[in-house]
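Let's take a walk through this structure together, one stop at a time. Have the sequence and the 3D view ready.

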Amino acid sequence: MTDIDELRRQALEAVEATTTLDELDEARVRYVGRRSELALAQRGLGDLDPEERKERGKQLNAVRGAVEQALEERRSVLAQAALEARLADERLDLTLPPRRVPPGRPHLLTQVEEEIVDAFIGLGYRVAEGPEAESGAYNFDLLNIPPDHPTRTEMDTIYVEGYEDVVLRTHTSPVQTRVLTDQAPPVAVVVPGRVYRADTVDATHSPVFTQVEGLLVDTDITMAHLRGTLLELCRALFGAEREIRLRPSFFPFTEPSAEVDVSCGFCDAAQRGDAAGAADCRVCSGTGWIEILGAGMVDPNVLSACGIDPEVHSGFAFGIGVERVAMLRNGVADIRDFFDADARFLARF
Ligand code: DAH
C-alpha cells in the first residue's frame with residue numbers, strides 16, 4: 001500500500017526542484033497525471049471497505065490538493081522567471097553607440113561622368129545608352145568607317161568570339177547611329193558608357209575606359225553651335241576661366257573634324273599668350289593647352305546612312321574621355337588607379 005506521506009513529500013520536493021515549465025509539466029504528469037501512483041491509488045479506493053475508503057479517500061484528496069496547489073504556485077514562479085529572462089534577452093540598449101559604417105560615395109569616374117551628363121541635361125539634352133557588345137554595322141559601317149579603313153585597326157578592336165560581326169564597342173559613337181536610325185531630328189543626346197580596346201595597360205592606357213558622346217542634329221546647326229557648347233562643357237568641368245581652341249583633325253564620321261584643347265589651368269601660359277614662360281608646367285608641357293576631346297560636324301554620309309537628309313539637317317558630335325578629364329582635374333597620374341579598387345585611392349575623392 002502506498003505510503004501517502006512519503007508520496008506527498010516526494011511530489012512536493014519534485015515540484016519545488018523544477019526549473020523550467022517543461023520540467024514542471026513532467027512533474028505534473030508523474031505525480032497527479034492519469035497514470036500516477038496517486039491516480040492509481042484513488043482508482044483502487046473502490047476495492048476497500050466503506051469505512052477505510054472514506055478515510056483513505058480523504059487523505060488522497062488532500063495530497064492531490066496539496067500537490068496541485070504546489071504545481072500552480074510553481075507555475076506562476078517559473079512563468080514569471082521565463083518572462084523576465086525573455087525581456088532581458090530581447091532588450092535593446094538604445095544608448096549603445098552603433099558600430100561606425102563609413103559612408104560610401106560614387107567612384108571618381110562616376111562623379112566626373114555625372115558632371116558631364118548633368119551639364120548637358122542642363123542644356124536640354126537627354127541621356128541615351130547602347131550595348132557594349134555592338135555590331136560592326138553600328139560601331140563602324142554606319143559611322144562611315146568602311147571595312148578596310150585604318151581606323152578599324154588603329155582602334156585595336158576586340159572581337160567577340162563565336163559571333164559574326166560583333167565587337168566590344170571601341171567608342172560610344174555607335175549610339176549616335178542607333179539614335180539617328182530610331183528618331184527623327186531634332187535630336188540632342190549625351191551617351192555615357194564603357195568602351196574597349198585591345199591596348200596594353202600602362203599609366204595612360206587601359207583596355208576598358210569611359211567616354212561620353214554628345215550629338216545634336218537639327219536644322220541650321222553650325223560649327224559655332226559646337227564651339228559654344230564645348231566651351232560651356234569645359235568651363236563646367238575645369239572652371240569659369242577656361243578657354244578652348246579647335247584644331248583641325250580627322251574622324252571618318254565628322255566633317256570637318258576638330259581636336260579640342262582646353263586652356264591649362266595649372267599655369268597661365270594660354271591666358272598670357274606666352275608659352276615659353278610655362279615650360280616647366282607638367283600638365284601642358286608649356287604649350288598652355290591640353291587636348292581634351294574630339295568633335296566635328298556630323299558627316300553627311302552618316303546622316304544619309306541613318307535615313308536623314310543632309311540637305312535639310314545638320315549636326316555636331318563630340319566624344320570625351322572621362323578618365324582623361326578625371327586625371328587632369330584631380331591630379332591622378334596613373335589610369336590604373338581607377339580600376340585597382342584600392343580604398344586609400346578611392347577615399348581621396
Ligand atoms: N569616337 C572618337 C574616339 O573614340 C571620339 C570622337 C571624335 C567622337 C569626334 C565624336 C567626334 O563624336 O565627333 O576616338
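Before we set off, here is how burial is judged: a residue is buried under 20% relative accessible area, exposed over 50%, and partly exposed in between (1.4 Å probe, protein chains only). What you have in front of you is a predicted model, in which local features need pLDDT of at least 70 and side-chain atom pairs count only at pLDDT 80 or more, while totals for chains, interfaces and linings use all residues. Residues are numbered from 1 along each chain as its sequence is written, and side-chain values use heavy atoms, with hydrogens and water left out.

Start with the overall layout. The domain assignment gives domain 1 (2-89) and domain 2 (108-346); such bounds come from an automatic or database domain assignment. Taken over C-alpha atoms, the centres of domain 1 and domain 2 are 89 Å apart.

Now for the charged pairs. Side chains of opposite charge can pair when their charged atoms come close. Here a salt bridge is a side-chain nitrogen of Lys or Arg within 4 Å of a carboxyl oxygen of Asp or Glu. How many salt bridges does a search of the whole structure find? The search turns up 14.

One of them sits between arginine 9 and glutamate 13, whose side chains meet at 2.8 Å, N to O. Both are in helix H1 (residues 4-17), and because they are four residues apart there, about one helical turn separates them. (Helices, H or I with at least four residues, and strands, E with at least two, are DSSP runs numbered from the N terminus.) Arginine 9 itself is partly exposed, at 42% relative accessible area.

Another salt bridge joins glutamate 134 and arginine 178, with the closest N and O atoms 2.7 Å apart. This pair links distant parts of the chain: glutamate 134 is in strand S2 (residues 133-135) and arginine 178 in helix H8 (residues 174-182), 44 residues apart. Are the two partners buried or exposed? Glutamate 134 is buried, with a relative accessible area of 1%, whereas arginine 178 counts as partly exposed at 28%.

Next, find arginine 247 and aspartate 261, whose side chains meet in a salt bridge of 2.7 Å, N to O. Here too distant parts of the chain are linked, with arginine 247 in strand S7 (residues 244-251) and aspartate 261 in strand S8 (residues 254-263), 14 residues apart. Arginine 247 is partly exposed at 28% relative accessible area, while aspartate 261 is buried at 2%. The story doesn't stop with two residues: salt bridges that share partners join Arg245, Arg247, Asp261 and Glu291 into one network.

Stay with strand S8 for a moment, since proline 256 lies in it. Most residues other than glycine have a negative phi, and most peptide bonds are trans. The bond from glutamate 255 to proline 256, however, is cis, with omega near -5°. There is also a cis bond from proline 185 to proline 186, with omega near 5°, and proline 186 is in the loop between H8 and S5.

As for phi, look at aspartate 165, which has a positive value of about 65° although it is not a glycine. Aspartate 165 lies in the loop between strand S3 (158-159) and strand S4 (166-168), and is partly exposed at 42% relative accessible area. Serine 285 also has a positive phi, near 50°. You'll find serine 285 in the loop between helix H10 (269-272) and strand S9 (289-298), where it is exposed, with 57% relative accessible area.

Some loops also bring together residues that are far apart in sequence. Alanine 203, in the loop between strand S5 (187-196) and strand S6 (208-218), has its C-alpha atom 7.2 Å from that of alanine 333, although their positions lie 130 residues apart along the chain. Aspartate 141 is in the loop between helix H6 (136-139) and helix H7 (150-154). From aspartate 141 to phenylalanine 253 is 112 residues in sequence and 9.9 Å in space, C-alpha to C-alpha.

Our last stop is glutamate 55, which lies in helix H4 (residues 50-90) and is partly exposed at 45% relative accessible area.
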